[in-house]
Amino acid sequence: DKWNIDSNPFKGMDPVFLTISRLRRQKLDESIAVSTDLLSRNAFDQQVWWVKCRALTNKNWIDDAEMEEEGLAEVLMDDNATSSLPRPGTSLNRPQTNANGPSPAVRPMSNSGRPMSGFARPGTNSARPGSGMSVDQAMANARTGTAMNRPVTTSGRFVRLGTASMMSEPGGAFINLDRVNVNKYAERPAMSRALCDYILYVEHVPKKAVELCAAATQKVSFKDWWWKARLGKAYYQLGLYREAERQYLSSLKDQDMVVTHLELGKIYIKLDQPNKAVEIYEAASRTHPAETLLLLAAARVHDMVNNTERGMAAYKEVLEIEASSVEAVSCLASHQFYSDQPEIALRYYRRLLQMGVQTAELWNNLGLCCFHSGQYDMCLTCFERALQLSQDDTTADVWYNISHLAIGIGDLGLAYQALKISVAADSKHAHAYNNLAVLELKKGNVDAARSGFGQSHTLNPFAFEAPFNLSLLCFKLGEFQESFEVVKKSLECYPEHSESKELLKTLEQKFT
């Protein structure tokens, strides 16, 4: 046989066994190559077809049980919220304001209106549903020059991924979905399941997956949880959240699976029902008490609605079960830092170093903890290591924190230079613009400071520092009307800010 002579590195080995072995050992490209060669000789070999289908699926597999970045259309035209004026703590649009966690004066807000998280995950930088984000803000991105990398919709990303998979396959797509007879495949359980995952994760055609899942579910008399869960996933990708919810609930009646609970909770997050999502996760945790994924999912939702106390309790539960959870350690470290306990945060970050984590973000946080805990000999070394490991999207943050170090030791020249570099590295770094404007004001450059405060507030309308500084500047310049208008924006971002309240009271006395 020509295959045995030319291509087989193991003379005399069955090529089908070889491709299955490579699939099992996750050598996916090699498995696909052997399967393609075998199918070119016999296109009707179902066993080899199944192996190649699974290898392609595993190669393109994405763990979508957690939240993902939202597209531009989801941010601007979200119509899934159940209430236009929800009570605080019941919606992602109105998180708790009287929570026991750090205030916005200590824990800054990101450009999307969420408190700074201790762990970057999909959806961390997404805007809250119904937050009234403008087109400019939705198009903005943290990375310089890549503001257009956000797809218009999540399904648009799927189309892109599907096109990329077709381009990467020699001779075009592996399966022509237009010619697939779903009723024929529904009668073959192993083939149909492999085909369903291939459609969802490689071709990204959820409409075809709905047809196949519906036919297969009917063949098994609506008793198979797996097909209902996949049908729910296909509906979710199509944006039909209520239909997906019904399928997942039906699937859970047949079989209680952790991943189904995670998918169901993700639907309630999309529908802006965080409390319902937490109920799902907590009920599942009672059934699966040692499952950290459910505890982490609940902790993330608590973070989203600013319920810090319950979120940190959930992260501690995760560490009791899995002491090497990077996300739990990172979030607890961040909470301790913003709770004015940098020494405890430093111990958490040192734990991450012992676990082998080596990132610019970690060394940057270590430098901040060393600085605020008085270990000045270590903080510069940590920031130097952070700069060595930094990429385009982290350089600005490292230099911004170096400016804090310089201000703390009284070197305003170094602080000014560090902030200039931070703004040059990321032209959308709102906090750097605010601090740079403060330094410009110290130099007497009133116009530059005023422009900087305005630019900072434009880039991050959820932070209260820039509008308060601008309002105070206008008050000192005698522009009381503009100061009055701007200080109200500051109080919208942080209603409990005492200095903004005092300034507003003074302005009201001036007007009366």
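Let me begin with helix α9, which is mostly covered: twelve of its 15 residues are buried. I should say at once that this is a predicted model. The helix runs over residues 189–203, and its buried members include Met191, Leu195, Tyr198, Leu200 and Val202. Polar residues also appear in that buried set, among them Ser192, Asp197 and Glu203. From first C-alpha to last, α9 reaches 20 Å, close to the 21 Å expected at 1.5 Å a residue. Directly after the helix comes histidine 204, with a positive phi near 55°.

Where does this helix sit in the wider picture? The protein has 27 helices and zero strands, and its largest nonpolar core contains 63 residues. To this core α9 gives the most, with nine residues. Leu195 of α9 is among the residues with the most contacts inside the core, together with Trp49, Phe174, Ile175, Leu212 and Tyr281. A second, separate core has 34 residues, including Leu296, Leu319, Ala333 and Leu352.

Tyrosine 281 merits a closer look. Leaving aside neighbours within four places in sequence, tyrosine 281 is in contact with His261, Leu262, Gly265 and Lys266, and also with Leu294, Ala297, Ala298 and Val301.

I conclude with the chain as a whole. Of its 512 residues, 49% count as buried. The exposed area is about 25400 Å², of which carbon and sulfur atoms supply 52%. Among contacts with a separation of 6 or more, 57% are between residues 24 or more positions apart.

Terms used
Residues are numbered from 1 along each chain as its sequence is written. This is a predicted model: local features need pLDDT of at least 70, side-chain atom pairs count only at pLDDT 80 or more; totals for chains, interfaces and linings use all residues. Side-chain values use heavy atoms; hydrogens and water are left out. Helices (H or I, at least four residues) and strands (E, at least two) are DSSP runs, numbered from the N terminus. Buried means under 20% relative accessible area, exposed over 50%, partly exposed in between (1.4 Å probe, protein chains only). Contact means heavy atoms within 4.5 Å. Accessible areas come from the Shrake-Rupley method with a 1.4 Å probe; for residues, only the protein chains shown count as cover. The expected span of a helix is 1.5 Å times one less than its number of residues. A nonpolar core is a set of buried Ala, Val, Leu, Ile, Met, Phe, Trp, Tyr and Cys residues joined through side-chain atoms within 4.5 Å.
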